[in-house]
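Work through these exercises with the model open beside you. Try each task before reading its solution.

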Amino acid sequence: MSTVLETEEQQALRAAVAALGKRYGRDYMTSVVRDGAHPRELWTEAAKLGYLGVNLPEEYGGGGSGMAELSIVLEELGAAGSPLLMMVVSPAICGTVIARFGTDTQKQQWLPGLADGSLTMAFGITEPDAGSNSHRITTTARRDGEDWLLTGRKVFVSGVDIADATLVVGRTEDARTGKLKPCLFIVPRDAPGFRRSQIDMELQAPEKQFELVLDDVRLPADALVGGGTSRSGAAGSGGEDAGLLQLFAGLNPERIMTAAFALGMGRYALGRAVEYARTRQVWKEPIGSHQAIAHPLAQAHIELELARLMMQKAARLYDEGDDIGAGEAANMAKYAAAEACVKAVDQAVHTLGGNGLTREYGLASLITAARVARIAPVSREMILNYVSHQSLGLPKSY
Ligand SMILES: Cc1cc2nc3c(=O)[nH]c(=O)nc-3n(C[C@H](O)[C@H](O)[C@H](O)COP(=O)(O)OP(=O)(O)OC[C@H]3O[C@@H](n4cnc5c(N)ncnc54)[C@H](O)[C@@H]3O)c2cc1C
């Protein structure tokens, strides 16, 4: 794999993470899933080595680098067969939002822990009746004295059981206009009224998905990211007014990291297929000499490489502070990587013939897993909508 677009440090990071991934790999993940456990050993070791907080500010114990580096970490762990899905959420979305918009207290309380892996944060935006239409979310916060009371429902939120808190996207009423506007709240796992039930997913992954019910969850004023404006409604740059910006700040890292997740999985599957095609022989030559087997694998490789290019572009733009440019590239990268991953996994399973469907080779379950990146955090169709409207200027159907 060529990495000429990366600095020497980034290439060294890639190699070091790949070596760590190799020590864990797919067998480790399979045993974690079988035991109903969490990949704690890998999470802790990756954190200790500075990989999980590589994007977070140095003054809070992070590496002071950016999404380019964090996406390298996730891609390489995935390529080794041991991706850490919660990296998409905890350091990438939540870490970014708190580092950019949190109050000093919130930064001190969360960032060192997110960086050294001792704290994990989940992220909840999806609602049962809103789905892809996040304008429709109804989880609402209202004031009760200095506190907030948060009520609503969320669905498909990953890792709530292991996360110390969930960053919940809700809405508050604008004191001046009466309109509902987005706000982000840090909800501790054991907050009274915050209930979770596990969704029975057809996924073989250690990270579980939850439906959440928030029933008048009482939160202190400082649970609002960025802190509140004064209760007299005076304008400020606090959490109540900055919610939309905060939300958008998390979206580009989320898409870039989902691209990294998909790329890693696609590379892992392709690697297994190539190994197999090189040695499996049922005629005179190994099956990899038949172009019907070789070409689709070559195609999968090309498409993964192309998707990485777009991911690198998105990460570069994001790290340079170009949020708008990064938005288009991050959406395209997520789309391209998810599609490349789905195709690579499909072709890998096919390359192994019957063995592609055995537990021993462990590829079949990736068919389901690969679909996650096509659906979440934003579906293939919603990205095509975004590109139709934003990039091509076509009219909207909804
Ligand atoms: C494994 C997994 C982990 C997840 N983790 C989290 C998490 O941690 N936090 C969180 O908040 N959410 C999480 N999600 C939720 C995920 O972000 C949503 O599933 C996703 O946004 C799609 O929403 P939906 O499932 O309600 O689908 P819907 O919005 O109901 O969409 C269903 C189908 O309709 C299509 N569609 C909808 N609107 C349009 C349109 N206007 N034009 C064309 N097609 C359209 C979609 O593309 C899709 O194919 C997770 C999901 C999964 C599967």
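**Exercise 1. Place the annotated domains.**
Find which residues UniProt lists for each domain, then compare their helix and strand content.

Solution. Begin at the C-terminal end. UniProt, in an unreviewed entry, lists residues 243-385 as "domain: Acyl-CoA dehydrogenase/oxidase C-terminal". UniProt positions follow the numbering used here, feature names are shortened, and annotations may be inferred rather than shown by experiment. This span is 78% helix and 0% strand, and its end C-alpha atoms lie 24 Å apart. Helices (H or I, at least four residues) and strands (E, at least two) are DSSP runs, numbered from the N terminus.

Next, take residues 7-117, which the unreviewed UniProt entry annotates as "domain: Acyl-CoA dehydrogenase/oxidase N-terminal". Here the content is 70% helix and 0% strand, with 26 Å between the end C-alpha atoms.

Last, residues 122-216 carry the UniProt annotation "domain: Acyl-CoA oxidase/dehydrogenase middle", again from an unreviewed entry. That span has 0% helix and 54% strand, and its end C-alpha atoms are 20 Å apart.

A note on the model. It is predicted: local features need pLDDT of at least 70, side-chain atom pairs count only at pLDDT 80 or more, and totals for chains, interfaces and linings use all residues. Residues are numbered from 1 along each chain as its sequence is written.

**Exercise 2. Check the span of α1.**
What should helix α1 span, and where is its kink centred?

Solution. Helix α1 covers residues 8-34, which is 27 residues. The expected span is 1.5 Å times one less than the number of residues. That gives 39 Å, and the end C-alpha atoms are 38 Å apart, so the two agree. Now look for the bend, the angle between axes fitted to the seven residues ending at a position and the seven starting there. α1 has a kink of about 50°, centred on Gly25. After the helix comes Gly36, with a positive phi near 65°.

**Exercise 3. Find what covers α1.**
Which residues of α1 are buried, and what covers them?

Solution. Count C-beta atoms, placed from the backbone, within 10 Å of the residue's own: 20 or more others is buried, 12 or fewer is exposed, and in between is partly exposed. In α1 the buried residues are Leu13, Val17, Gly21, Tyr24 and Met29. Their cover includes α2 (40-48) and α3 (67-79).

Step into α3, where Glu69 lies. Glu69 is buried because 23 other C-beta atoms lie within 10 Å. Beyond its neighbours within four places in sequence, Glu69 is in contact (C-beta atoms, placed from the backbone, within 7 Å) with Gln10, Leu13, Val54, Asn55 and Gly63.

Compare Glu45, found in α2. Glu45 has 16 C-beta neighbours inside 10 Å, so it counts as partly exposed. Its C-alpha is 8.8 Å from that of Gly117, although the two are 72 residues apart in sequence.

**Exercise 4. Trace the hairpin.**
How do strands β2 and β3 run, and how many bridges join them?

Solution. Strand β2 (residues 140-144) and strand β3 (residues 147-158) run antiparallel, joined by five bridges. Strands pair if DSSP finds at least two bridges between them. Asp144 has Asp147 of β3 as its bridge partner. Two residues sit between the strands, and Gly145 in this hairpin has a positive phi near 65°. Further along β3 is Phe156. Phe156 also has a positive phi, near 65°, in a residue other than glycine. With 19 other C-beta atoms within 10 Å, Phe156 is partly exposed.

**Exercise 5. Locate the core.**
Which residues of the largest nonpolar core touch the most other members?

Solution. A nonpolar core is a set of buried Ala, Val, Leu, Ile, Met, Phe, Trp, Tyr and Cys residues joined through C-beta atoms within 7 Å. The largest one has 117 residues, and Phe185, Ile256, Met311, Ala314, Ala333, Ala337 and Cys341 touch the most other members. Helix α6 (residues 239-279) gives the most to this core, 17 residues. Take Ala337 and set aside its neighbours within four places in sequence: its contacts are Ala259, Ala262, Leu263, Ala307, Met311 and Ala373.

**Exercise 6. Find the cis peptide bond.**
Where does Pro377 lie?

Solution. Pro377 is in the loop between α9 (365-375) and α10. The peptide bond from Ala376 to Pro377 is cis, with omega near -10°.

Conventions
Two residues are in contact if their C-beta atoms, placed from the backbone, lie within 7 Å.
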